[in-house]
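User: I would like a close look at a single part of this model, worked through with care and set in its surroundings. Please take the structure shown here as the starting point.

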Amino acid sequence: MKKTVLVSGGAGFIGSHVTVELIEAGYDVVVADNFSNCDLTCFNGVKMITGRDDIPLVEMDFCDAEAVKKIFADYPIDAVIHFAAFKAVGESVAGRAGEGRLQRAVLLFRHRVRRARGRSRHGEDAA
């Protein structure tokens, strides 16, 4: 059974290159991005290079807890490679009351991956 990798920020320059490599290495990939720093150009390039039109693309913000829950419910994600960020570090870590955007996203990912792993170890559906 193929492993599925979620590439956050996967429609951007670096994420799109990693997505190509993952697909060519035999992984299923789910690309998610909020398109705040990119457009569909790189993602369309991924489809052209890989010859695949069936790559899931989810437009979402990783600081939205409900969106994170939904993507983990909708896809059997085994691993996450996190590239979703703003171009300037200060923008990525700035947030509400000392809680940075990046920190919130990473904590949400960690929680969802741990829950999915625990369920799969016990033979339960990972959704």
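How many disulfides does the structure hold? After that, please turn to helix α1 and explain which of its residues are buried and what they pack against.

Analyst: This is a predicted model, and the structure in it holds zero disulfides. Cys 38 is in no disulfide, since the nearest cysteine sulfur, that of Cys 42, is 7.0 Å away, whereas a disulfide would need the two sulfur atoms within 2.5 Å. Cys 42 itself is partly exposed, with a relative accessible area of 25%.

Turning to α1, the helix runs over residues 13-24, and its 12 residues should span 16 Å at 1.5 Å a residue; the C-alpha atoms at its ends are 17 Å apart, which agrees with that expectation. Within this helix the buried residues are Gly 15, Ser 16, Thr 19, Val 20, Leu 22 and Ile 23. Around the axis they cover an arc of only 165°, and therefore they lie on the same side of α1. The spacing behind such a pattern is a general one: an α-helix has 3.6 residues a turn, so residues three or four places apart point the same way. On the other side of α1, the residues Phe 13, Ile 14, Glu 21 and Glu 24 are exposed. Past the helix comes Gly 26, whose phi is positive, near 100°.

As for the surroundings, the buried residues of α1 pack against β1 (4-8), β2 (28-33), α2 (41-50) and β4 (79-82). The three strands in that list belong to an open sheet of four strands, ordered β3-β2-β1-β4 with parallel pairing. Its edge strands are β3 (57-59) and β4, each of which pairs on one side only, and the twist averages 20° from one strand to the next. Between β1 and β4 the parallel pairing extends over four bridges, and Val 7 stands opposite Ile 81 in β4.

The remaining partner is α2, whose buried residues are Phe 43, Gly 45, Val 46 and Thr 50. They cover an arc of only 155° around the axis, which puts them on the same side of α2, while Thr 41 and Met 48 are exposed on the other side. The buried residues of α2 pack in turn against α1, β2 and β3, and α2 is followed by Gly 51, whose phi is positive, near 70°.

Terms used. Residues numbered from 1 in each chain as written. Predicted model: local features only at pLDDT ≥ 70, side-chain atom pairs only at ≥ 80, totals over all residues. Heavy atoms only, no water. Helix = DSSP H or I, 4+ residues; strand = E, 2+ residues; numbered from the N terminus. Expected span 1.5 Å × (residues − 1). Buried < 20%, exposed > 50% of the residue type's maximum accessible area, 1.4 Å probe, protein only. Arc of directions from axis to C-beta. Contact = heavy atoms within 4.5 Å. Pairing = 2+ DSSP bridges. Axes fitted to C-alpha atoms, helices over the stretch in contact; angles between N-to-C directions.
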